[in-house]
Amino acid sequence: MTADKVIFLLCAALILGSALMVVLTRKLIHAALWLVSVLFGVAVLYALLQAGFLAVVQVVIYIGAIAVLFIFAVMLTRRELLDRGPQTRSNWWIAAILALLILGGLVFLILGQPEAGRSAAAIPATVDTLRNLGMALVSPSAYVLPFEVASVLLLAALVGAVYIAGIGKK
Amino acid sequence: MQSEWLYVGLFLLVGIIVPVVPLAFAALISPRKPNPIKQSTYECGIETVGDSWVQFKAQYYIFALVFLVFDVETVFLFPWALSLKQLPLYVVMEGIIFIAILVAGLVYTWRKGLLEWV
Amino acid sequence: MNFLNDPINFVASWLHGLLTGWRLPDGLATVIVYFIGIVVLVIFAMTLDIGLVWVERKVVARFQDRLGPNRIGPFGLIQPVADIIKLVIKEDITPAGADKIIYNIAPVLAAMSVIALWAILPLSSKIFGVDLNVAVLYLVAAGALGTLAIIMAGWSSNNKYALLGAFRMVANIVSYEIPMVVTLLIPVILADTMSVQGITQAQSGMWFAILSPLAAIIFLISAIAELGRSPFDLTEAESELTAGFNVEYSGMKFGWFYASELLHAFTYGGFMAVMFFGGYGGFFGLETIPGFHWLTNPFVEALVFIAKGMLGYWVIMWIKYSMPRIRIDHMLAFNWKFLTPLSLVVLVDTAVLSKLLSGLPAWEYVLGMFLSNVIIAVITVEILRGYGRKQRLAEERLPAQAVHN
């Protein structure tokens with residue numbers, strides 16, 4: 001087992017454990033902080049996959065903005081930050097079976113792929129992935145339309161948020 | 001590339017160990033005599049009234065939302081900035097259009113009066 | 001390769017050879033060498049941090065016409081050591097009702113988010129941690145962890161002041177991060193790279209502060225806001241929140257908040273130097289003249305870098321100790337209605353001009369960039385003047401009663 005695999009397994013364990021804690025913990029604010037742990041684990045996975053840009057963006061956007069927004073929303077909306085009452089419903093086992101079935105299906109599909117189990121070739125050091133990403137984003141033969149549409153999408157999100165917030169102001 | 005992130009990972013690890021060591025040392029040698037008065041919530045000598053987790057202005061949240069949208073936008077601009085030197089002038093125009101669409105959002109928020117604190 | 005020209009690689013390869021000579025596997029030897037290097041670098045940072053405590057206290061004393069610490073050691077130099085001993089042996093009080101785990105993680109995270117910045121801080125062309133190709137964004141990411149630490153500290157303390165401080169922190173991040181990231185884009189455009197080494201080397205002939213002085217000023221303002229220092233110290237605000245987010249912390253846990261704030265300020269002075277003032281280099285071509293080659297020695301470069309970082313730190317202190325605290329609505333309005341639009345204008349201007357002027361001789365390029373910034377500054381001042389006049393007239397026209405409401 002290579003060092004990469006050890007780090008991957010540790011990281012995967014961290015993500016899964018934290019994800020479980022997100023749903024199991026009774027304090028909402030703890031759930032939000034466990035979510036930060038999940039998001040950080042995902043950032044480490046990106047770094048392992050040589051996607052440094054995505055790893056850093058994951059921390060900047062998800063931990064720096066979205067998780068903070070979550071914590072904030074939790075602190076703003078509920079005075080009682082404890083979740084009382086049972087955490088499961090009587091038919092939880094149906095959900096468990098469904099989840100296992102989906103997992104089995106996914107594993108089956110992935111193992112059916114001819115590339116399954118092979119590790120990707122390392123990106124040569126001469127390739128500047130970051131610059132390639134930039135070129136692909138803005139050159140007309142590649143992804144310039146999604147790039148501009150992303151801006152419109154962000155605008156729509158902003159206008160929507162402002163509109164909803166504006167209702168309360170009047 | 002790989003070893004760069006290994007280095008960063010180790011750095012974060014040392015970044016955790018270095019603050020923990022003096023804290024652990026302090027926990028070993030510092031006195032520990034808790035009593036209810038000492039541990040009560042500090043509020044300039046007056047006894048605390050009510051819950052500490054009080055309700056806050058929703059205005060904080062609106063600013064955070066606007067911030068989130070702009071944060072995502074600026075991250076998109078980094079790859080754009082790196083491709084400027086390689087591609088002809090139209091790239092600059094693309095970036096300007098991208099920024100202009102978001103400035104429209106800022107202007108909308110401003111005109112709707114959501115950038116006011118009260 | 002010898003020690004004076006390339007100290008880190010010299011020691012590292014010697015150590016690596018030594019370890020592999022002991023039949024350690026190659027990968028493990030690399031990890032050990034990295035680890036030792038990091039520990040040395042972090043210990044250096046911490047030693048500097050102890051020095052910064054003394055510098056900060058002496059400088060604030062001079063600003064306030066006092067002497068500052070002068071009892072322990074010559075010029076009070078040993079004072080920070082005494083401070084540390086005091087902090088370590090103080091009783092550590094955990095307030096009742098605090099969320100203990102989060103309460104204890106927060107100071108460690110706060111210190112880590114600052115120490116993490118030293119991984120990319122280019123002390124010289126040969127003495128640095130790692131030259132990430134996304135270093136500029138890494139700077140922002142580490143700041144995100146610091147923000148999280150303050151929110152955790154404020155929330156877990158079970159104290160109204162602390163929680164108010166945490167809430168204001170979010171107001172703070174919405175006020176600094178957008179202009180800061182936008183102005184960080186400007187060195188990226190000018191240097192055509194996101195690595196801090198690349199940005200430093202691109203400034204060997206001309207500082208970016210001269211190409212884009214407005215960006216440098218906006219970066220300084222938003223860096224001060226990110227640091228949470230006066231006039232943007234709303235998270236601490238000792239006159240209204242006593243100490244803000246860290247009011248319930250005592251002993252060494254408080255010590256870490258304090259130490260990381262000082263180190264953070266110095267580190268941002270350093271990044272200010274990297275992004276706009278040539279970092280460890282930027283001698284305007286002086287180093288190529290015979291007789292000045294010693295300027296490129298890594299130790300000289302490191303000294304230059306620390307001097308520039310200290311200068312940036314001093315400017316931040318100067319502003320901190322001469323400005324009153326800004327009100328929260330003013331701070332948000334200043335950011336969203338002034339700083340963010342202005343930084344976007346400067347960004348577009350830089351992007352367009354770097355394209356249009358790229359074919360011109362160097363001095364015309366520099367002059368064009370500089371003049372465009374001057375023009376933007378003049379227009380901004382004129383707009384503000386017109387706005388201020390309009391507001392003054394409107395206030396004069398109103399009866400006195402209306403103003404009271």
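Here are some numbered notes on the three chains A, B and C of this predicted model, going from whole chains to one glycine.

1. Let's start with what chain A is built from. Chain A has 6 helices and 0 strands. If you walk along the sequence, the pattern reads α-α-α-α-α-α.

2. Now look at how chain A is spread out in space. Its radius of gyration is 21 Å, whereas a compact globule of 170 residues would come out near 15 Å. Along the principal axes, the C-alpha trace of chain A spans about 55 × 45 × 25 Å. As for burial, 24% of the 170 residues in chain A count as buried. If you take the contacts in chain A with a separation of 6 or more, 49% of them are between residues 24 or more positions apart.

3. Chain C is helical as well: the count here is 15 helices and 0 strands. How does its radius of gyration fit the globule rule? Chain C has 23 Å, and that agrees with the compact-globule value, because a globule of 405 residues would be near 22 Å. The C-alpha trace of chain C spans about 85 × 65 × 40 Å along its principal axes.

4. Stay with chain C and check its inside. Buried residues make up 49% of its 405 residues. Of the contacts in chain C between residues at least 6 apart in sequence, 76% join residues at least 24 apart.

5. Next, turn to where chain A meets chain B. This contact takes 41 residues from chain A and 40 residues from chain B. On the chain A side, α3 (52–77), α5 (129–138) and α6 (144–169) each supply at least two residues. Which of the elements gives the largest share of that side? It is α6(A), with 16 residues. Sorted by class, the side of chain A that touches chain B has 31 nonpolar, 6 polar and 4 charged residues.

6. Chain B also meets chain C, with 64 residues of chain C in contact with 55 residues of chain B. The elements of chain C that give two or more residues to this side include α2 (26–63), α3 (79–89) and α11 (251–276). The one that gives the most is α6(C), with 14 residues. By class, the side of chain C that touches chain B has 45 nonpolar, 8 polar and 11 charged residues.

7. Zoom in on α3(C) for a moment. Gln79(C), Pro80(C) and Leu87(C) are buried in this helix. Why do they count as being on the same side of α3(C)? They cover an arc of only 95° around the axis, so they share one side. Among what covers the buried residues of α3(C) are α2 and α11 of chain C.

8. One last residue deserves a look: Gly251(C), found in helix α11 of chain C. Is Gly251(C) buried or exposed? Gly251(C) is buried, because 21 other C-beta atoms lie within 10 Å, and the cut-off for a buried residue is 20 or more. In sequence, Gly251(C) and Val88(C) are 163 residues apart, yet in space they are 6.1 Å apart, C-alpha to C-alpha. Leaving out residues up to four places away in sequence, Gly251(C) touches Leu87(C), Lys90(C), Glu91(C) and Asp92(C), along with Ala26(B) and Ser30(B) from chain B. Leu87(C), one of the residues touched by Gly251(C), is also one of the buried residues of α3(C).

Definitions and conventions
Residues numbered from 1 in each chain as written. Chains lettered and ligands numbered in written order. Predicted model: local features only at pLDDT ≥ 70, side-chain atom pairs only at ≥ 80, totals over all residues. Helix = DSSP H or I, 4+ residues; strand = E, 2+ residues; numbered from the N terminus. Rg over C-alpha atoms; globule rule 2.2 N^0.38 Å. Buried ≥ 20, exposed ≤ 12 C-beta atoms within 10 Å, placed from the backbone. Contact = placed C-beta atoms within 7 Å. Nonpolar A, V, L, I, M, F, W, Y, C, P; charged D, E, K, R; others polar. Arc of directions from axis to C-beta.
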